Amino acid sequence: MNHCNFVAYALFVIRLFYAILQSWRQDACVTFSTLMPLHVDDVKTTQTSVLKNDLPPKHQRESTRNIIKTPGSIYLVFLRFQDTNMITKLSHLFLVTLLSIHVGSNRIPRDVEGPKRVSNRIKSGYSSPVQVYEKLDLWCSLETSEATPESCTWTSPDGTVYKVDGDKVSQDNHVDEVVDGILANVTSGEFCHIQVSSLKSEQIGDWTCHLDLGTGVKYQRSTLTVTDKLRISDVRLPGDLKPTTYKVALIPFIIPDNFTIDGHVDINLDVVEETAVVKIHAKDLTIYEESVEIDGKTSNILGFGNDHAREFFLIYLSSPLPKGSTVRLSMDFLGSLSNKLVGFYRSKYISPEGEDRYIATTQFEATDARRAFPCFDEPAMKAKFRVLLGRVPSMVSLSNMPIEKEAQPMDGNATHQEYVWDIYQESVVMSTYLLAFIVSDFKYRQSDPHPQNDVQFRIWSRESAVNRTEYASQVGPEILAYFEDFFGLKFPLPKQDMIAIPDFSGGAMENWGLITYRERGLLYDSNVSSDRHKLYIDNIVAHELAHQWFGNLVTMKWWTDLWLNEGFATYAQYIGSHHVNPEAGIKDKFVLTSTHPSFKLDALETSHPISVEVGHPDDIGDTFDTISYRKGASVIRMMANFIGVDTFNKAISNYLKKYQFSNAEKDDLWQEITETAHADEHLAANQTIKEIMDTWTLQKGFPVMSVSVDLVKGQMTCNQSRYLASKAEQSSRSIYGYKWWIPVSYTKAGGDFVNTRSKFWLKPMDNGSVTFDIEAAESDAIIVNVRQTGFYRVNYDSDNWKRISEALESDLESIHRVNRAQILNDAFNLAKVGLLSYEDALIQTQYLSKEKDLIPWSAALSEFSFIGRMLKREKAHADFEEFLQRSLTPIYSDLGFSARDTDTVLEAELRVKVVGRMCGLDNADCINRASDLFQEWMKNGNVNPIDPDFKSVVYCSALRHGDATHWNFLWDQFKSSDDNFEMSTILSALGCSKDEEILQKYLDLTLDKSSGIRKQDGSRVVGSVARTVVGKDLVWKWIKNNWDQITTVYDVSSHSTAGGFVSYCVSSFNKPERLAEAVQFYETKLTTLGAAKKKIEIAIQKAKVNVEWMEQHYQVIANWLKEQVSSQ
């Protein structure tokens, strides 16, 4: 050891002794570790090598380790002991000293020799709200104290440069002239703070702060988008650079009080257009500027910047990168392993032994890969990825591809080994949002090899939940193999992992080769979960596996066409689910779970086109909704049926083969379907799919088709208009004038309900009504929109409505069950907007006493639910409950309360619906049976006698009619369970109590991080409370009183959960004064809404519709109900 090293180490040891003495009172010993550079497969990264402790076993068991990262990337490891005696302390102090001195010359601490890893990133901001002719403050300074700026300038949107010198502001080229209207603020504590005294319209836009840091240090810039709008839209990358390959090395430190990510990235780039500024996405990352290199050099770099609004990290170059060249961009960075459920984040679970366990996992869609590593985070910026994940040997890592080299030493020094590398095979070409990284202590179940392919299929979970992965391990490979045939393309990866994540914001995420799920989407236990849960798993697994082709293999160019991904995957999930569970009637349920919910949202003026221009990440997040998923699936289903399903499937296969491993947009799909349909002669030669489908994707809303039938002439006259839920709302403009290409299919009661091909077209250019010749007898009930494959409502003339009701009364099977559901859904919703009288609509329900099928009953109960919500606080509500209970009594008596061995899947599902509704109506038999079962469970404790299918009904009924004892018992069951489905069922039921004090406490628990209620389940809790009469007002008051805390816990910068809380209350408001409260809340909280904004706007629109409904229809309904109840 030379003299300089000796002095350095002596100083280090003195500092180390001081740290030990300072922490002595806390019973702490200190060891030291450093971050050292490592080269693995030409990837420059860093490593952690924590010195081993040789503590006696007793102390090892009782100690916990917390690694705290210092600004210079030095780690102090504090080992806290509960009963360390003096001799042990001294021995460990001596050991630490020896180990510290023993650090070899190849392990020199960075703060002793070599530069610290620092970031001089600017922190900046501006005052709000932004208003023309008002004051505007702008400020900037460095986030760290590692450097001191020498000068500052601001560049305004019009390009004027303002130099700030002390308390003076001058134009850069007129140093001696003080600028009027712009002042320097020297008292704010910020290095560079200016105030525009009266903002001009031309000063709204991008302001850039430039800090010079002195000779030899790169300058820093920060761009602020000063806007009077809540969101900007011009957030796209310029496209002058295109990545081809990434090498990403990440070490997530899954350690309480640290939770950071150390990373390095190399990106090979094609220069598409000459540029002197490199723009790359980075969010919530600290990039170490001294590590940033282009082609291994820093000499071409002048400075760095960040554009907050667009989430860009910028590198300014002294000479531009020439068009046609290739360059390599490299940098080190530090990230946060947060608990926000986005980016690279941490999830926690409790082991069977009661220990807190953490894992690191990812959620990148739509724009959160940039939170994990700097990248070109747009779907069209596809590239290949080589991933390295660091971990401790006791854990495992997963990524999209198989591991090529496992548990590789980080520095080749096994003596001090703590972390190892897992090095993954290079990926196929893919988008950043489909990447996934996981480090955990999870275990897996491997599926049996499928005879059709050699794809390795594994289901991962917490070790204690592996016994619940069997069902997913069976249906997953079966659906994957089926989709290979369906799409006509083999699955392109060698493995498919699916993993159940304890904390997960969505239902699942289709990461290519590594699909992540919320636990309830993947884990099934027949002793705990209902049969409906199996169907849910079928659906969600099929949805995510469909994405492996439609979305992953072929990806939309931009989020405008998100619906192509999600709409098609939703459509395909019914096909995949039907394959593994054909008895469940899943294809016929499509209208209940996709078409009808889409109608509800798309009837509002706050809806949006399926294909919608988006820019800001919050705007992109807003499109992950019913319109993209369910309406998207509905119009795809319509298209498949009007050209023929076989032709459609052939076209989809051709499309995927043509655009595989690349990006496409909707017009590419339309062209492929058009060519296939023309070849099969299933589309007129002068028609194109684009011409037809643009009317469905580029304008919001949907049509109602009015049909007048003349059976004597054998004719049907049709016209179309937009269906709008509120008469008071004026339709916004549409390039198609709210006219659609409508495929008209028809049959008659007792006719052919198999052929769903269109027989006529109602066209946007038709003037008024169009008459078609039909084949029908004079007494036939005509049914338009066979199997409701078209996305439109149908309103008949009064005679045909009468013939339909007569057909249902005489032989309900003469009309297909899907069309029976359609008739009920259409009739009630036409009545809502005054296109049909409620008397005529309610007549269609009279046949229900004979109905035995789930599909029509589900449609009817959904419409009755709306009426029930509107009447809940009205005098007519008692009559409504009596009417509904009488209507349900025949089917309740027929099905009974308990399951039967002879039940079909649909019968069992219908029983649960009917029993749930009867208990909700306070039917004595239902309540008594539910109460007896719950009481038996309370007596037996650990043995739950309740059929899993009936748990939600029994739990809720027991709590509605129980007291605090019942609530506390169920809460204890929640805390002791580790089955996510059971826990979800309990959380929903706990909101059924009528005790305001209990419900208040329950709401408050969603804001208490120690309560055991995960963030992902907050909506379930608040929604369950808001559904009750007592609870709705309680929730609304709770939201208004706790909004700041709610938006902190349920971060509105990345999630819309808080908007859902508001929606649970506001969407059912039906009084003008409550509507006014909601509008006032929206207006006063507007700047704090973030991603919650859209949901609240929709809820307010629904409340407006409700108020209008009450004014127009309440008395009619009340009178009708009184008459029905009195006559029986």
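This section describes the fold, cores, aromatic pairs and selected residues of a predicted model.

The protein comprises 28 helices and 44 strands. Of its 1128 residues, 61% are buried. Among contacts with a separation of 6 or more, 71% join residues 24 or more positions apart.

Nonpolar side chains in soluble globular proteins tend to be buried together. In this model the largest nonpolar core holds 308 residues. Phe-373, Met-716 and Val-784 have the most contacts inside it. Helix H28, spanning residues 1093-1126, gives the most to this core, contributing 15 residues. A further core of 25 residues lies apart from it. Ile-122, Ile-182, Leu-199 and Leu-213 are among its members. Beyond four places in sequence, the contacts of Met-716 include Val-707, Ser-708 and Val-709. Met-716 also contacts Val-744, Tyr-746 and Phe-760. Its remaining partners are Val-770, Thr-771, Phe-772, Ile-774, Ile-782 and Val-784.

Ser-706 belongs to strand S37 (residues 703-710). Its relative accessibility is 24%, so Ser-706 counts as partly exposed. Residues touched by Ser-706, beyond four places in sequence, are Thr-717, Cys-718, Asn-719 and Asn-795. The C-alpha atoms of Ser-706 and Tyr-796 are 6.0 Å apart, although 90 residues separate the two in sequence.

Helix H10 covers residues 645-659, 15 residues in total. Its first and last C-alpha atoms are 21 Å apart, close to the 21 Å expected at 1.5 Å a residue. The buried positions of H10 are Thr-647, Phe-648, Asn-649, Ala-651, Ile-652, Ser-653, Tyr-655, Leu-656 and Tyr-659. An α-helix has 3.6 residues a turn, so residues three or four places apart point the same way. The buried residues of H10 pack against four helices and two strands: helix H4 (470-487), helix H6 (562-580), helix H9 (626-643) and helix H11 (666-679), with strand S35 (554-556) and strand S36 (662-664). Just after H10, Phe-661 adopts a positive phi of about 60°.

Three of the buried H10 residues, Phe-648, Tyr-655 and Tyr-659, also belong to one aromatic cluster. The other members of that cluster are Tyr-482, Phe-483, Phe-486, Phe-487, Phe-491, Trp-549, Phe-550, Phe-568 and Tyr-571.

A pair of aromatic rings is described by the distance of the centres and the angle of the planes. The structure holds 63 aromatic pairs. In one of them, the ring centres of Tyr-738 and Trp-740 are 6.3 Å apart. The planes meet at 45°, so this pair is tilted. Tyr-738 is buried, with 9% relative accessible area. Trp-740 is buried too, at 0%.

Trp-1036 and Phe-1069 form an edge-to-face pair. Their centres are 5.5 Å apart, with 80° between the planes. Trp-1036 lies in helix H25 (residues 1029-1049), and Phe-1069 in the loop between helix H26 (1057-1066) and helix H27 (1072-1084). The pair therefore ties together parts 33 residues apart in sequence. Both Trp-1036 and Phe-1069 are buried. The ring of Phe-1069 also carries the charged end of Arg-1074 over it, 4.6 Å from the ring centre. Elsewhere, Arg-458 lies over the face of Tyr-444, at 5.1 Å from the ring centre.

Ala-1026 is located in helix H24 (residues 1018-1026). It is buried, with a relative accessible area of 6%. Beyond four places in sequence, Ala-1026 touches Gly-1031, Lys-1032, Val-1035, Tyr-1064 and Cys-1065. Between Ala-1026 and Cys-992, the C-alpha to C-alpha distance is 9.3 Å, at a sequence separation of 34 residues.

Glu-311 occupies the loop between strand S20 (301-307) and strand S21 (312-321). Its relative accessibility is 13%, which is under the 20% cut-off, so Glu-311 counts as buried. The side chain of Glu-311 makes a polar contact of 2.7 Å with the side chain of Arg-370. Beyond four places in sequence, Glu-311 contacts Ile-280, His-281, Ala-282, Lys-283, Arg-370 and Pro-617.

Note on methods: Residues are numbered from 1 along each chain as its sequence is written. This is a predicted model: local features need pLDDT of at least 70, side-chain atom pairs count only at pLDDT 80 or more; totals for chains, interfaces and linings use all residues. Side-chain values use heavy atoms; hydrogens and water are left out. The expected span of a helix is 1.5 Å times one less than its number of residues. Buried means under 20% relative accessible area, exposed over 50%, partly exposed in between (1.4 Å probe, protein chains only). Contact means heavy atoms within 4.5 Å. A polar contact is a pair of N or O atoms within 3.5 Å; within protein, one must be able to donate a hydrogen and the other to accept it, and residues adjacent in sequence count only if both atoms are side-chain atoms. Rings of Phe, Tyr and Trp (its six-membered ring) pair if their centres lie within 6.5 Å; planes under 30 degrees apart count as stacked, over 60 as edge-to-face and the rest as tilted. A charge sits over a ring if NZ of Lys or CZ of Arg is within 6 Å of the ring centre and within 35 degrees of the ring normal. A nonpolar core is a set of buried Ala, Val, Leu, Ile, Met, Phe, Trp, Tyr and Cys residues joined through side-chain atoms within 4.5 Å.
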